Amino acid sequence: MSNHKQLSTSLIMGPEYANLYGNVHGGEIMKIMDNTAGAAAAHFVRGHVVTARVDEIQFLRPVHMGDFVTCTGQVAYVGRTSIEIYLTVDVENLLVQDSSARALEAFFTLVAIGADGRPTPVPAYTPETEQEKALHEHVRLRREFYETRREEAKAHLR
Ligand SMILES: CC(C)(COP(=O)(O)OP(=O)(O)OC[C@H]1O[C@@H](n2cnc3c(N)ncnc32)[C@H](O)[C@@H]1OP(=O)(O)O)[C@@H](O)C(=O)NCCC(=O)NCCS
């Protein structure tokens, strides 16, 4: 399912995703999230993107081998060259009716990269629905905090 603001990927968690006890590794879920966030951002931009930041991954529920996982990336905020994607992961046991539940959510920041390998401007985004407007405002406030943290992180790298 996709439109220019939202894109989902779904897959069944086979044994290759799980440990010996049947629990899916957190890293496997994060990889699906990163792929979905990248696809949602690239779809919006119609160009190449790189992941610059991942915020607040909290595993609220376990994911089990055999679960049907749906990861959805929604454009939440667009800056000059960056796109913030709100990521949700829902988990369903296909053998149990109405078992779909939210397992986790997170925010991914992706940056559009031009042919010169540098950040490049992205299309404008205007939130329309009440949900989109609330998400947009939530991210707008968080971005002020990001900038401070980013400056601190860069200072440590030197
Ligand atoms: C992301 C990257 C291209 C940014 O390069 P940069 O020279 O710092 O770019 P700028 O300072 O011009 O910032 C560009 C945009 O990215 C945003 N950004 C960059 N780093 C960010 C961070 N850590 N957190 C949030 N936003 C960030 C800036 O806010 C800016 O957004 P805006 O244009 O919408 O206002 C660079 O840090 C990079 O290549 N990182 C590695 C990405 C990667 O390889 N990811 C895969 C995982 S290994």
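How many residues lie between E3 and E4 in the hairpin that they form? In this predicted model, the hairpin of E3 and E4 has 3 residues between the two strands, and the views below place that hairpin in its surroundings.

**View 1. The open sheet and its strand order.** Five strands, in the order E1-E3-E4-E5-E2, make up an open sheet whose pairing is antiparallel. Strand E1 (6-12) and strand E2 (49-55) are the edge strands, each of them pairing on one side only, and from one strand to the next the twist averages 25°.

**View 2. The pairing of E1 with E3.** Strand E3, which spans residues 68-78, pairs with E1 in the antiparallel sense over 7 bridges. Within this pairing Ser8 stands opposite Thr72 in E3, while Ile12 has Phe68 of E3 as its bridge partner.

**View 3. The pairing of E3 with E4.** E3 and E4 are joined in the antiparallel sense over 10 bridges, and Cys71 stands opposite Val89 in E4. These are the two strands of the hairpin with 3 residues between them.

**View 4. Helix H2 across the sheet, and the burial of E3.** Helix H2 (residues 130-157) lies across E2, E3, strand E4 (82-92) and strand E5 (101-112), and it runs at about 75° to E3. Of the 11 residues of E3, 10 are buried, so the strand is largely enclosed by the rest of the structure; buried here means a relative accessible area under 20%.

Notes: Residues are numbered from 1 along each chain as its sequence is written. This is a predicted model: local features need pLDDT of at least 70, side-chain atom pairs count only at pLDDT 80 or more; totals for chains, interfaces and linings use all residues. Side-chain values use heavy atoms; hydrogens and water are left out. Two strands pair if DSSP finds at least two bridges between them. Helices (H or I, at least four residues) and strands (E, at least two) are DSSP runs, numbered from the N terminus. Axes are lines fitted to C-alpha atoms, for helices over the stretch in contact, and angles run from 0 to 180 degrees between N-to-C directions. Contact means heavy atoms within 4.5 Å. Buried means under 20% relative accessible area, exposed over 50%, partly exposed in between (1.4 Å probe, protein chains only).
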